[in-house]
Amino acid sequence: MQSTWKIASGLVILLIVSVNQAIAVPPCAFTPAQSHFAQLNLQGDAQFFRSEYNDNRSSSITGKVETNFKRLFDSELFGYQLDTKGNVALTPTGLDYQTIGTGSLKRFFQSDFFWLGAIDLTVDSKNPFKIDLTLGAGLGRFRDVTPLAKAIRIQNALLDQNSLQGPLTDLTLQEMAQELGHQGVSLNQQIEKLEKIIENTGLAAGGNLSASALLRVEEIIRSQEEARLCGWDIAASVGGEVSNTGASLLNEAFVINWNYALVPDPVSQWTSSARLRTGLKLLDSYSLQASAVYGRRLSETSRVRASYEFKRDHDKGKDYVADVERHQLSGTLLLQLSAALSLSISGELKYQLGYERPSFNLAVQLSYDIF
């Protein structure tokens with residue numbers, strides 16, 4: 001198994017190592033008055049699965065339909081975040097379904113300190129429901145820096161086609177980002193304002209942006225890709241869990257959450273998180289989840305994504321101790337076929353404590369962005 005993990009680790013390293021184009025101002029330098037992001041998509045796939053067992057007793061071809069919704073809002077005094085995922089899968093044993101949702105409300109009371117109310121919901125075909133309701137406090141915040149990332153992309157694209165005589169200043173890029181971040185502004189109005197900002201610098205080749213340059217600006221503004229988020233936060237909260245998965249319907253919950261996001265350049269995104277959930281008898285029974293994700297746009301029509309996820313559940317009952325531990329490594333190549341339609345090829349390597357070997361999953365997936 002060690003050789004398998006060495007090969008997988010090498011593939012991930014090759015996937016994420018790249019030479020970033022030097023930029024005058026990092027995307028994380030952007031500080032909008034408000035951050036707001038929403039994304040909803042549908043996905044469907046066909047999969048080949050190789051089981052953990054040497055005799056391949058569970059190898060099969062399966063299919064799945066999945067939907068994802070994300071929403072982020074952050075202002076000086078108030079913020080909220082929603083993240084939901086649902087899927088229906090056809091498996092060798094029948095039809096499985098699962099819905100996982102997390103939501104939080106934040107009220108900032110001093111700079112980046114905040115009060116927190118959070119809900120975590122899990123409903124699936126194996127464990128009908130589990131809900132955590134908690135209240136607490138934390139420190140930190142996230143910013144949507146997608147407007148500055150797009151402003152830098154516009155600059156680099158115009159330089160590549162010789163529509164600019166030189167790089168734009170940091171102040172100009174920040175001004176473009178502010179315009180790109182305005183809500184309720186039409187596409188034509190955004191293009192006109194950006195055209196005026198760039199031409200006022202005197203760097204436009206020939207004094208004015210050509211039709212091909214403006215078309216490139218429009219393509220970047222309209223491009224569909226993941227939001228670029230910067231920031232971090234850490235929070236602790238206490239409350240209760242309602243579920244039908246244990247001996248008691250209502251249990252106490254103590255939750256620590258940590259999240260981090262970095263945009264090293266306009267086409268890349270790093271995110272990582274960790275969540276510890278336990279009871280008031282600390283670590284008698286607990287669930288620990290951690291993840292790290294890297295995404296990069298290779299071209300206008302292709303992106304790659306690599307991720308590692310870890311989960312450990314420890315349950316200390318009166319007469320038993322149960323442990324579940326899982327490692328999951330995955331990579332995805334996404335090809336944009338149209339403005340809303342995309343094709344992805346994904347590979348997943350997963351190892352769970354107690355099984356003979358890691359399982360391997362290969363999926364070809366179509367995705368349609370609704371908005």
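This briefing walks through a few helix, strand and salt-bridge features of the structure above. The model is a predicted one, so please read every value here as computed from it. Two helices, H3 and H4, pack against each other at an angle of about 170°. Strand S7 pairs with S6 over 15 bridges and with S8 over 12 bridges. The count of salt bridges comes to 14, and several of them are introduced below.

**A pair of helices**

- Helix H3 covers residues 170–180 and helix H4 covers residues 187–200, and their axes lie 10 Å apart.
- The angle of about 170° between them is over 145°, so H3 and H4 count as roughly antiparallel.
- On the H3 side, the residues that meet H4 are Thr172, Glu175, Met176, Glu179 and Leu180.
- Their counterparts in H4 are Gln190, Lys193, Leu194, Ile197 and Ile198.
- Sorted by character, the residues of this contact are 5 nonpolar, 2 polar and 3 charged.
- Two of the residues named above also form a salt bridge: the side chains of Lys193 and Glu179 meet at 3.8 Å, N to O.
- That pair links helix H4, where Lys193 sits, to helix H3, where Glu179 sits, across 14 residues of sequence.
- Lys193 is partly exposed at 36% relative accessibility, whereas Glu179 is buried at 18%.

**Strands side by side**

- Strand S6 (residues 130–144) and strand S7 (residues 229–243) run antiparallel, joined by 15 bridges.
- To find one of these bridges in the structure, look for Lys130, whose partner in S7 is Ser243.
- S7 also pairs with strand S8 (residues 250–262), again in the antiparallel sense, over 12 bridges.
- Here Gly240 is a handy landmark, standing opposite Glu252 in S8.
- While you look at strands, remember a general pattern: in a regular strand, side chains alternate between the two faces of the sheet.

**A look around Trp115**

- Trp115 belongs to strand S5, which spans residues 113–124.
- Leu135 is 20 residues away from Trp115 along the chain, yet their C-alpha atoms are separated by 7.8 Å.
- Setting aside neighbours within four places in sequence, Trp115 is in contact with Leu105, Lys106, Arg107, Phe109, Gly136 and Ala137.

**Salt bridges between separate parts of the chain**

- As background, side chains of opposite charge can pair when their charged atoms come close.
- Arg275 and Asp132 show this with a salt bridge of 3.4 Å, N to O.
- Because Arg275 lies in strand S9 (residues 268–278) and Asp132 in strand S6, this pair ties together parts that are 143 residues apart in sequence.
- Both ends of this bridge are buried: Arg275 has a relative accessible area of 15%, and Asp132 has 4% relative accessibility.
- Another salt bridge joins Arg296 to Asp265, with the closest N and O atoms 3.4 Å apart.
- Arg296 is in strand S10 (residues 285–299) and Asp265 is in the loop between S8 and S9, so parts 31 residues apart in sequence are tied together.
- Arg296 and Asp265 are buried too.
- Finally, Asp120, Asp132, Glu241, Arg275 and Arg277 are joined into one network by salt bridges that share partners.

Notes:
Residues are numbered from 1 along each chain as its sequence is written. This is a predicted model: local features need pLDDT of at least 70, side-chain atom pairs count only at pLDDT 80 or more; totals for chains, interfaces and linings use all residues. Side-chain values use heavy atoms; hydrogens and water are left out. Axes are lines fitted to C-alpha atoms, for helices over the stretch in contact, and angles run from 0 to 180 degrees between N-to-C directions. Helices (H or I, at least four residues) and strands (E, at least two) are DSSP runs, numbered from the N terminus. Angles under 35 degrees count as roughly parallel, over 145 as roughly antiparallel, 65 to 115 as roughly perpendicular and the rest as oblique. Contact means heavy atoms within 4.5 Å. Ala, Val, Leu, Ile, Met, Phe, Trp, Tyr, Cys and Pro count as nonpolar, Asp, Glu, Lys and Arg as charged, and the others, Gly among them, as polar. Two strands pair if DSSP finds at least two bridges between them. A salt bridge is a side-chain nitrogen of Lys or Arg within 4 Å of a carboxyl oxygen of Asp or Glu. Buried means under 20% relative accessible area, exposed over 50%, partly exposed in between (1.4 Å probe, protein chains only).
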